[in-house]
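Let's take a walk through this model together, from single residues to pockets and ring pairs.

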Amino acid sequence: MGRLTDHVRASCAQLASEAQSVRIDHDRLATYDAGANGSPIHDPGLDPVRHYLEGTPADVAMYTLALDTINFGSGWFPTLRKRIDPTTGRTVSGYFTIAWNLADHFRAHGAWSNEQLQTMRTEELAATLGQTADHELMSLYGQALRELGRFLSTRTVLDVIAEAKGSADRLATTLAQALAFYDDRGFYKRAQIVPNDLAAAGVATFDDLDALTIFADNLVPHVLRCDGILVYEEGLAARIDAEQPLAAGREEREIRACALHACELLGARLAVPPRVLDMWLWNRGQDPALKARPRHRCRTVYY
């Protein structure tokens, strides 16, 4: 494959150039202010309340990798039982529902062992995440965690980090090649977000972290569409606005590829690493006004 990040950039540039249903408005992109009202872009880090960051390095590393292993299912998120933030009284997103419930489990019961991952039961996991056991996503999450347990075998997550020898690209490649739930070809969204999150959690250091691309999902493209950077073909836009799910395939791949390529161009202009740009745009996407507008939904294990 060569460098995974190089492969992703080339793949998405080609997809964007050939896209039939999505285009980048390059005129808007040329003047796009990606800062919040002109303020500089910064790395927002991980929320220490909704994520488990206060444990030992080994436990935080296990939490982070386990969370990223089940960091998918946005196509199902409208059907999840969402958590309420007691400070605001508002429901939180599907991602934060899962991340926060998992964090509280680690706080109360300690980190999962490799053996617990290998034998993870859907009913147990659903209870941990505050969901019903018959929800399709809980079964998929259980499969993903059991696969992670087999991959780790007798190693700790810190051992896997050490084997990457300070390379985020090497760690992402290892995950993409070894785990079916990470084999998101052409994008490798979650394989790339793992080293980013491990670094943000303070349990790993990578020399090439800023070589990562954005983590192509359905929220960053939504923000870019709301801001006029991505333009969808009329029929596609109408189906998304009507909250009709997209099948995995050409259209949703074009959306993700155009978002990734646009962020490569934007990051180069602003001298901001795409991964940092991604985190800023993703956090901006939590704004209630943006969340109120429909985004594309696709039932996939990759995002």
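A good place to start is T174, which is partly exposed, with a relative accessible area of 32%. Please keep in mind throughout that this is a predicted model. T174 belongs to helix α9. In sequence, T174 and A191 are 17 residues apart, while their C-alpha atoms are 8.4 Å apart in space.

Two further residues can be read in the same way. I98 is part of helix α4 and counts as buried, at 3% relative accessibility. Its C-alpha atom is 8.7 Å from that of K82, and these two residues are 16 apart in sequence. D287, in turn, sits in the loop between α14 and α15 (288-291). With a relative accessible area of 38%, D287 is partly exposed. Along the chain D287 and V223 are 64 residues apart, yet a C-alpha separation of 9.9 Å is found between them.

**Pockets**

Which residues are the closest to the centre of the largest pocket? This pocket has a volume of about 890 Å³, and of its 43 lining residues, F77, S93, L219, W282 and R295 are the closest to the centre. Helices contribute to this lining: α4 (94-109), α10 (189-200) and α14 (274-284) each provide at least two residues. Sorted by class, the lining holds 17 nonpolar, 14 polar and twelve charged residues.

The second largest pocket has a volume of about 280 Å³. It is lined by 14 residues, of which R50, T91, V92, Q286 and K291 are the closest to its centre. Here the classes come to three nonpolar, five polar and six charged residues.

**Aromatic rings and charges**

How many aromatic pairs does a search of the whole structure find? The search turns up nine. One pair to look at is F96 with W282: the ring centres are 5.5 Å apart and the planes meet at 70 degrees, so this pair is edge-to-face, the cut-off for that class being over 60 degrees. Since F96 lies in helix α4 and W282 in helix α14, the pair ties together parts that are 186 residues apart in sequence. Are these two residues buried or exposed? Both F96 and W282 are buried. W282 also appears in the pocket account above, among the residues closest to the centre of the largest pocket, and the helices of this pair, α4 and α14, both supply residues to that lining.

Elsewhere, ring pairs join Y52, Y63, F106 and W112 into a cluster.

Rings also meet charges in this model. R155 places its charged end over the ring of F151, at 4.6 Å from the ring centre. In a second case, the charged end of R256 sits over the ring of F187, 4.1 Å from its centre.

**Positive phi in two loops**

Two residues other than glycine invite a look at their backbone. K165 has a positive phi of about 50 degrees, although it is not a glycine. You will find K165 in the loop between α8 (157-163) and α9 (168-178), and at 67% relative accessibility K165 counts as exposed. E243 likewise has a positive phi, near 60 degrees, and is a residue other than glycine. Its place is the loop between α12 (234-241) and α13 (250-270). With a relative accessible area of 64%, E243 is exposed.

**Cysteines**

How many disulfides does the structure hold? The count is zero. A disulfide is a covalent bond between the sulfur atoms of two cysteines. Two cysteines show why no such bond is found for them. The closest cysteine sulfur to that of C226 is in C263, 14 Å away, which is too far for a bond. For C298 the closest cysteine sulfur is in C12, at 15 Å, again too far for a bond. The table sets these two cysteines side by side.

| Cysteine | Closest cysteine sulfur | Relative accessible area |
|---|---|---|
| C226 | C263, 14 Å | 19%, buried |
| C298 | C12, 15 Å | 1%, buried |

At 19%, C226 counts as buried because the cut-off is under 20% relative accessible area. C298, at 1%, is buried as well.

Key: Residues are numbered from 1 along each chain as its sequence is written. This is a predicted model: local features need pLDDT of at least 70, side-chain atom pairs count only at pLDDT 80 or more; totals for chains, interfaces and linings use all residues. Side-chain values use heavy atoms; hydrogens and water are left out. On a 1 Å grid over the protein atoms alone, a cavity is a set of points where a 1.4 Å probe fits but cannot get out, and a pocket is an open set with protein on both sides within 12 Å along at least five of seven lines; lining residues have an atom within 4 Å of a point. Grid points are joined across faces, edges and corners, and a volume is the space filled by probe spheres set on the points. Helices (H or I, at least four residues) and strands (E, at least two) are DSSP runs, numbered from the N terminus. Ala, Val, Leu, Ile, Met, Phe, Trp, Tyr, Cys and Pro count as nonpolar, Asp, Glu, Lys and Arg as charged, and the others, Gly among them, as polar. Rings of Phe, Tyr and Trp (its six-membered ring) pair if their centres lie within 6.5 Å; planes under 30 degrees apart count as stacked, over 60 as edge-to-face and the rest as tilted. Buried means under 20% relative accessible area, exposed over 50%, partly exposed in between (1.4 Å probe, protein chains only). A charge sits over a ring if NZ of Lys or CZ of Arg is within 6 Å of the ring centre and within 35 degrees of the ring normal. A disulfide is a pair of cysteine sulfur atoms within 2.5 Å.
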